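I have opened a fresh page for a structure I had not looked at before. Come and read over my shoulder as I go through it.

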Amino acid sequence: MNRLGFAPDRIRSVWQQAQGIANIGAMTLMSHFATADEARGVTQQMATIDRAAADLPLPRCLANSAATLWHPDTHGSWVRPGIILYGASPSGNSADIAATGLQATMSLRSEIIAVQTLKSGDCVGYGWRYTASAVQRIGIVACGYADGYPRHAQSGTPVWVDGVLTRTVGTVSMDMLAVDLTPCPQAAIGAEVELWGRHLPVDDVAAAAGTLGYELLTALTPRVPVEAGA
């Protein structure tokens with residue numbers, strides 16, 4: 001990946017030098033895969049690693065989340081999972097991990113703080129980027145980009161409201177976003193909202209917003225209250 005570490009043709013000389021340094025104890029061969037979540041897989045990188053480290057008596061730690069799931073030949077002595085520890089998919093597609101038993105470990109939740117009834121032609125939010133085509137109830141959720149929800153999420157991004165899957169409408173504001181209450185007419189002020197989590201995969205939200213689950217999971221701001229799970 002040309003980020004950290006040493007080029008393959010230097011591995012042997014670096015290993016030999018490291019053996020002579022008193023402050024270095026046990027050594028492990030580590031690398032990272034750039035395309036383990038894609039169709040091309042890890043064949044090219046593994047060939048490079050095997051060639052560069054041939055006959056070196058080193059344990060290996062190579063497999064990221066995608067390689068841990070889909071390329072068992074990379075597992076070596078240890079695996080190094082990342083995104084799957086959150087219960088999210090390395091590929092960004094929640095369907096790819098549906099059969100693995102992985103579960104979401106983070107839920108971003110809020111509630112409805114206001115309900116508005118729109119007439120046909122009424123617009124919602126900054127820029128009037130959503131216009132009602134008929135009478136429509138919308139809910140205002142206490143969450144926005146100041147909390148880490150992506151401002152660039154378009155109308156139609158999935159959201160779980162009062163036990164029902166619905167969608168956002170209009171532009172995400174700093175502290176609020178709007179959701180369509182048509183599929184959940186029973187929803188009122190105080191109704192629970194899940195922006196992502198147990199009921200709504202973060203990968204589905206990220207895909208609709210044109211980003212990655214990892215970005216959403218790491219973007220929460222300090223003002224969001226955090227509760228430890230059971």
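Here are my entries, in the order in which I looked things up.

**Entry 1: before starting**

I reminded myself that this is a predicted model. I will keep that in mind on every page.

**Entry 2: the barrel**

I began with the strands and asked which ones make up the closed barrel. I found 6 strands, in the order S4-S7-S10-S9-S8-S11, with antiparallel pairing. Going from one strand to the next, I noted a twist that averages 45 degrees.

**Entry 3: strand S7 and its two partners**

I picked S7 to follow through the barrel. I looked up S7 at residues 136-141, and 5 of its 6 residues are buried, so the strand is largely enclosed by the rest of the structure. The cut-off behind that word is a relative accessible area under 20%.

On one partner, I found S4, residues 108-118, which pairs with S7 in the antiparallel sense over 6 bridges. To find a spot where I could place the two strands against each other, I looked up valine 115, and it stands opposite glycine 139 in S7.

On the other partner, I found S10, residues 177-180, which is joined to S7 by 4 bridges and runs antiparallel to it. My landmark here is isoleucine 140, whose bridge partner in S10 is alanine 178.

**Entry 4: strands S8 and S9**

I moved on to another pair in the barrel. S8 covers residues 158-161 and S9 covers residues 164-169, and I counted 4 bridges between them in the antiparallel sense. In this pair, valine 161 stands opposite valine 164 in S9.

**Entry 5: the open sheet**

Next I turned to a second sheet. I found an open sheet of 3 strands in the order S1-S2-S3, and its pairing is parallel. I wondered why S1 and S3 each have one side without a neighbour in the sheet. The reason is that S1 and S3 (78-79) stand at the edges, each with a single partner strand.

I then checked how S1 meets S2, residues 60-63: the two pair in the parallel sense over 2 bridges. Methionine 30 stands opposite cysteine 61 in S2. Helix H2 packs on this sheet and touches S1 and S2, and I noted that its direction makes about 170 degrees with that of S2.

**Entry 6: the largest pocket**

I asked what volume the largest pocket has. My note says about 980 Å³. I listed 27 lining residues, and those nearest the centre of the pocket are Leu4, Gly5, Phe6, Met30 and Ser31. I recognised Met30 from the previous entry, where it stood opposite cysteine 61.

I also looked up which elements supply the lining. H1, S1 (29-30) and H2 (43-52) each give at least two residues. The largest share comes from H2, with 5 residues.

**Entry 7: two positions from the UniProt record**

I opened the UniProt record, an unreviewed entry, and it places the feature "binding site" at Arg3 and Met174. I checked how far apart they sit: they are spread over 172 residues of sequence and also in space, up to 34.7 Å between C-alpha atoms. Of these residues, Arg3 is included in the lining of the largest pocket.

I took arginine 3 to start with. It is found in the segment before helix H1 (11-19), and it is exposed, with a relative accessible area of 59%.

Then I went to methionine 174, in the loop between S9 and S10. Methionine 174 counts as partly exposed, at 43% relative accessibility. Setting aside neighbours within four places in sequence, I found methionine 174 in contact with Gly144, Tyr145, Ala146, Asp147 and Arg223.

**Entry 8: two backbone angles**

Last, I went looking at phi angles. Asparagine 2 is not a glycine, yet I noted a positive phi of about 55 degrees. Asparagine 2 is found in the segment before H1, and at 81% relative accessibility it counts as exposed.

I wrote down aspartate 55 as well, which is not a glycine and has a positive phi of about 70 degrees. Aspartate 55 lies in the loop between H2 and S2, and it is exposed, with a relative accessible area of 76%.

Terms used:
Residues numbered from 1 in each chain as written. Predicted model: local features only at pLDDT ≥ 70, side-chain atom pairs only at ≥ 80, totals over all residues. Heavy atoms only, no water. Pairing = 2+ DSSP bridges. Axes fitted to C-alpha atoms, helices over the stretch in contact; angles between N-to-C directions. Buried < 20%, exposed > 50% of the residue type's maximum accessible area, 1.4 Å probe, protein only. UniProt positions renumbered as here; feature names shortened; annotations may be inferred. 1 Å grid on protein atoms, 1.4 Å probe; cavity = no way out; pocket = protein on both sides within 12 Å on 5 of 7 lines; lining within 4 Å. Contact = heavy atoms within 4.5 Å. Points joined across faces, edges and corners; volume = space filled by probe spheres on them.
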